[in-house]
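Me: Could you take me through one helix of this protein and its surroundings, with the reasoning spelled out at each step?

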Amino acid sequence: MSRVRGPRRRRRLSRVELRRLERKVLIAATVTALSWTASGCVVVHGEREVLPATTRAEAARALAQFTDVYNKADKAYDGSLDAGHVTGAFGAIDAARLKAGHINSPSGNAGHTPLTLTDARFTIPKKAGWPRWFLADAKGNKGGSARWLLVFVRDDLNETWKVAYLTLVAPASVPKFEQDTDGWAEAVPADSPGLTARPSDLSQAYATYLKDGGDTFAPGQHTTNWRALRARNAVKPGLATQYIDEPLTNGAYAPLALRTADGGALVFFATHHYMKQTAAAGATVPRPNKAVQALTKGEIKQSLTMEFVSNEAVLDPAAGSGSGQGESQGKVAVVGRVQGMTAAQGG
């Protein structure tokens, strides 16, 4: 850390002074911040203080800025226009979608309809260290009645807030969050042992479940129904379909979790998937649509391998809570999932 010279005497900020400074300039988000006072230099260690990730006003501005650049990028099919506002799983999905759109329509998106997000609610956790992050929950003009859940992250005070996770969730599935008297939420550590599954384990657990089944996840569209669909696709005459599922947990793909009012957590995590279609001798692989063709390398002769990134939102009950009913009791419920193809290879 660089040091600014001044009088030898220096004083630590009191808790009241630190809170006031945080509200004004978000010093809480710095790893090491320097603030001038009449008596010299005051060093604030943001990585040691448990403080809100941001203010509600700044969270609202981040959502507005994201929506603006997202619409510009979608209209022009130009990923460079929102690249600075996306990351992680959603960033990979968004970049591939815009790349395919540009290849098929270089002049832009003739069917563009601007995304509007209203009735925004912000859940901002108090935490120490990086990354800082918060959840925006809004009503969109796309996706029917679903709520849009966007997780914004950044690793430095000077960075732009970026959307790492974006999922659409039924309104009834958006939980109530644990909050302190000031309305700040609680971030759940990735290795928290007090849940049905640790957030850090969920990506691998989901990949394993899709292959082998198991008891971790509750029945539903993104669990039992998806496994059944895969099983049906795997046995079509003349066409073999294989699936490989892998965890995604590093860097911008790390899971993020918020404590819910019932003691559980809403967890966002990512997974990596491959689907390979191989035609029998004398048969051909079904011709993919234009979006898939745009992202495909090589000639499709007997096989096509498609690569996907998926981001999930799950309700992870407190360990031993027995939440849910019937087959879902005590299990992790996948309440939202957005998946996008990121690459393909012919063979």
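The questions below concern a predicted model and go from a helix to its neighbours.

Me: Why do the buried residues of helix H4 lie on the same side of H4?
Reply: In H4, which spans residues 202-212, the buried residues are Leu202, Ser203, Tyr206, Ala207, Tyr209 and Leu210. An α-helix has 3.6 residues a turn, so residues three or four places apart point the same way. The buried residues of H4 are therefore on the same side, because the arc they cover around the axis is only 160°.

Me: Which residues are exposed on the other side of H4?
Reply: The buried side of H4 is covered by elements that include helix H5 (224-233) and the strands S10, S12, S14 and S15. On the other side of H4, the exposed residues are Lys211 and Asp212.

Me: Is Arg230 buried or exposed, and at what relative accessibility?
Reply: Arg230 is a residue of helix H5, and, with neighbours within four places in sequence left aside, Arg230 is in contact with Leu210, Tyr243, Asp245 and His273. Since buried means under 20% relative accessible area, Arg230 counts as buried, its relative accessibility being 8%.

Me: Over how many bridges do S14 and S15 pair?
Reply: Strand S13 (residues 296-297) runs parallel to S15 and is joined to S15 by 2 bridges, with Thr296 standing opposite Ala344. S14 pairs with S15 in the antiparallel sense, and Ala313 has Gly336 in S15 as its bridge partner. The number of bridges over which S14 and S15 pair is 12.

Key:
Residues are numbered from 1 along each chain as its sequence is written. This is a predicted model: local features need pLDDT of at least 70, side-chain atom pairs count only at pLDDT 80 or more; totals for chains, interfaces and linings use all residues. Side-chain values use heavy atoms; hydrogens and water are left out. Buried means under 20% relative accessible area, exposed over 50%, partly exposed in between (1.4 Å probe, protein chains only). Helices (H or I, at least four residues) and strands (E, at least two) are DSSP runs, numbered from the N terminus. The arc is that of the directions from the helix axis to the C-beta atoms. Contact means heavy atoms within 4.5 Å. Two strands pair if DSSP finds at least two bridges between them.
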